[in-house]
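Work through the following exercises with the sequence and the coordinates open beside you. Each task is followed by a solution that proceeds step by step.

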Amino acid sequence: PQQAQPPTGSAEPDAAGGYEAVAPHWFYCKVTDGRERWVPFSAQDSARLEEAHGAGKDEEDAVVPTSGGRYDVHLKKRQRVAVYWEEEVSEVRRCTWFYKGDKDNKYIPYSETFSEELEEAYMTAVTLDEWKKKLESPSREIIILHNPKLMVHYHPVATSDDWGSAPTEQGRPRTVKRGVENIGAEIPNGEPLQIDHLVFVVHGIGPACDIRFRSIVQCVNDFRNVSLSMLQAHFKKAQEQQQIGRVEFLPVNWHSSLHSTGVDVDLERITLPSINRLRHFINDTILDVFFYNSSTYCQTIVDTVASEMNRLYQLFLQRNPLFNGGVSIAGHSLGSLILFDLLTNQKAAPEEEEHKEGARTAASNRGVEDVKEMLKELELCEYCEVFEKERMDRHALFLCTEANLKEMGIPLGPRMKILHYISSKRETQDQSTAAPQHSPGHTDDGRNCQYRDIGLGQVSANYPQLNYKPTIFFAFGSPIGMFLTVRGVKRINPNYSLPTCKGFFNIFHPFDPVAYRIEPMIVPDVEFEPMLLPHHKGRKRMHLELKEGLTRMSVDLKNNLLGSLRVAWQSFTRAPLPALEAASPEGEAEAEASTEKQPDTKAEEPPPAVKEEASPINVGRLNGGNRIDYVLQEKPIESFNEYLFALQGHLCYWESEDTVLLVLKEIYQTQGITLDQPLPGSQ
């Protein structure tokens with residue numbers, strides 16, 4: 001419905017009937033720390049609610065989905081109920097009249113029945129041009145309609161007697177406004193209806209997820225809001241062409257299930273009474289790490305996370321039957337480790353097993369061909385058919401004994417040749433494996449002793465299966481690398497990939513004390529920096545550019561100074577030359593050439609942070625051959641003191657535009673949709 005403008009005439013409106021009905025807007029009441037705040041629904045949600053109200057569906061107790069389908073509004077009960085998680089039910093109002101509150105100067109809507117009374121009085125005043133009307137509110141407060149632009153609510157002064165005195169106009173007056181357009185409320189347009197991708201977000205230790213001690217639901221709300229603004233800023237073309245809608249992010253809470261097992265009561269019994277708040281904080285947060293390393297509570301945690309993600313997935317599909325997008329998962333801190341352990345214990349689908357079986361058959365066929373090549377080399381081609389009939393590949397051949405060859409009907413001479421060949425190859429192989437070489441490109445499918453099973457040291461638990469195959473796994477501020485190392489996994493096989501998930505991104509803030517890298521576990525012999533996440537506005541932060549510029553300048557100055565000193569020292573120690581020769585242009589040219597060449601030959605290398613990567617680094621198949629570690633750019637204020645911003649560094653991901661943009665970029669890349677403008681430094 002069109003929003004009506006209030007009368008804009010003088011205090012004496014046109015008697016011919018200048019009244020125009022007020023346009024209602026729907027609000028819900030949000031209670032935070034005991035304080036009520038009335039929040040407007042988006043324009044599209046309010047229109048949908050008004051349409052249902054106008055169709056008389058209040059009596060039928062119709063349910064209208066709002067906020068992108070995450071909340072349902074029960075029209076008859078005037079309640080807003082969360083769909084995917086537990087939350088206090090909020091009161092809903094169809095609002096037309098508002099008054100200014102005492103504490104924060106925010107406008108508060110009157111009840112629907114009293115708003116109707118006010119509207120009737122206003123209509124009469126405008127139509128008959130009779131103002132100075134007094135109305136008494138349900139709480140016995142006086143509202144006076146002086147004229148269309150001046151309407152006042154008088155709050156009664158508290159009196160000492162308890163004898164229900166009549167309400168008066170005493171007390172500080174409050175402003176009264178008619179229509180939502182006059183109260184300066186920020187009304188969002190609403191979210192795109194089309195959902196392209198679903199992301200489940202798992203929290204880390206404790207019930208609070210950020211520096212403001214907010215829950216996972218509130219933090220994921222922030223992450224979703226940032227994603228909507230990033231879509232508008234960086235995927236505008238795709239949105240205009242209606243190629244994309246949005247990505248839905250849903251929180252997964254496991255902390256409350258763990259702490260409802262009765263373990264808190266047991267801990268309370270043994271907790272010392274001193275420094276009570278600190279001990280309570282440790283019991284509620286830090287101990288989650290120890291719980292996860294206990295087989296009893298680890299089972300509770302992985303069961304909760306997997307069952308909750310499966311439940312949310314099924315519920316989402318029920319509510320969005322036309323959804324055909326992918327599903328990804330994201331974990332913060334300990335949440336990322338829980339997801340990693342779950343993913344490493346997923347079973348590949350039967351078709352993937354068939355594909356692997358096919359690959360193994362192909363490898364076996366290649367092995368047979370290798371045996372044929374070896375027989376040719378030994379000039380024993382006439383026995384190829386015998387080996388082929390026995391399906392003898394290279395690996396099987398190396399397990400053969402003389403008795404096996406004799407059984408196959410190979411004569412003594414050829415038998416001796418083959419056994420000699422096998423023993424000589426074994427010796428060379430033993431010598432090569434004796435040397436501690438860890439080639440980053442080694443592809444031995446995990447059989448080499450340097451690669452341990454990725455599940456080594458995992459807590460003994462029955463890891464449940466997910467009902468879907470995640471497209472990408474995003475880890476924020478993740479300790480996965482540290483936990484794998486502590487468990488005894490020193491190296492990750494470059495050929496290893498998660499059984500059901502082909503993408504893996506490890507995103508961290510440079511000052512995050514909990515975050516560890518993954519790539520050095522795959523490529524241990526090469527030192528290289530993580531990928532620097534480009535700033536969402538398309539450049540490096542100013543202070544980082546300045547820092548790099550100063551580093552380059554200092555290196556250049558040092559090189560030039562060393563070069564000058566070298567030349568001066570050489571001229572000082574050189575034998576004296578005749579004056580004419582010294583003055584010759586050739587001599588000057590030689591001196592200049594040596595001055596120019598010398599610093600270049602022994603110039604100091606710029607630090608790794610400044611140096612550009614010369615060639616792409618092979619970091620294995622964990623992220624499909626792409627880079628895994630991504631580091632955020634610290635803010636200018638954070639660069640002053642790393643220790644001061646360490647905690648903030650671990651909790652910054654929820655409102656980080658750069659993190660959100662990487663998530664969106666990688667998700668939409670799987671659908672063939674790219675950013676409007678590629679960001680510098682991005683892959």
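**Exercise 1.** Is strand β15 (residues 326-332) largely enclosed by the rest of the structure or left open, and how many of its residues are buried?

*Solution.* Begin with the conventions: the model is predicted, so that local features need pLDDT of at least 70 and side-chain atom pairs count only at pLDDT 80 or more, whereas totals for chains, interfaces and linings use all residues. Residues are numbered from 1 along each chain as its sequence is written, and side-chain values use heavy atoms, with hydrogens and water left out.

Next, apply the burial classes, in which buried means under 20% relative accessible area, exposed means over 50%, and partly exposed lies in between (1.4 Å probe, protein chains only). Of the 7 residues of β15, 6 are buried, and the strand is therefore largely enclosed by the rest of the structure.

Then look at the neighbours, bearing in mind that strands (DSSP runs of E, at least two residues) and helices (H or I, at least four) are numbered from the N terminus, and that two strands pair if DSSP finds at least two bridges between them. Strand β13 (residues 195-202) pairs with β15 in the parallel sense over 6 bridges, with valine 199 bridged to serine 328 of β15. Strand β16 (residues 472-476) also runs parallel to β15, to which 4 bridges join it, and here histidine 332 has phenylalanine 476 as its bridge partner.

**Exercise 2.** Determine the strand order of the open sheet of 6 strands, and find which strands stand at its edges.

*Solution.* Reading across the sheet gives β2-β1-β6-β5-β4-β3, with antiparallel pairing. At the edges stand β2 (35-40) and β3 (63-66), and because each has a single partner strand, one side of each is left without a neighbour in the sheet. From one strand to the next the twist averages 30°, where axes are lines fitted to C-alpha atoms (for helices over the stretch in contact) and angles run from 0 to 180 degrees between N-to-C directions.

Within this sheet, β1 (residues 25-32) and β6 (residues 90-95) are joined by 4 bridges in the antiparallel sense, and histidine 25 stands opposite cysteine 95 in β6. Helix α1 (residues 43-54) lies across β1, β3, β4 (71-74) and β6, running at about 175° to β3, with contact meaning heavy atoms within 4.5 Å.

**Exercise 3.** Compare the settings of the salt bridges formed by arginine 48 and by arginine 214.

*Solution.* A salt bridge is taken as a side-chain nitrogen of Lys or Arg within 4 Å of a carboxyl oxygen of Asp or Glu, and a search of the whole structure finds 24 of them.

Arginine 48 meets aspartate 45 with an N to O distance of 3.0 Å. Being 3 residues apart in helix α1, the two are separated by about one helical turn; arginine 48 is partly exposed at 28% relative accessible area, whereas aspartate 45, at 5%, is buried.

Arginine 214 meets glutamate 655 with an N to O distance of 3.6 Å. This pair links distant parts of the chain, 441 residues apart: glutamate 655 is in the loop between α21 (646-650) and α22 (657-669), and arginine 214 is in the loop between β13 and α3 (216-234). Glutamate 655 is partly exposed at 39%, while arginine 214, at 14%, counts as buried.
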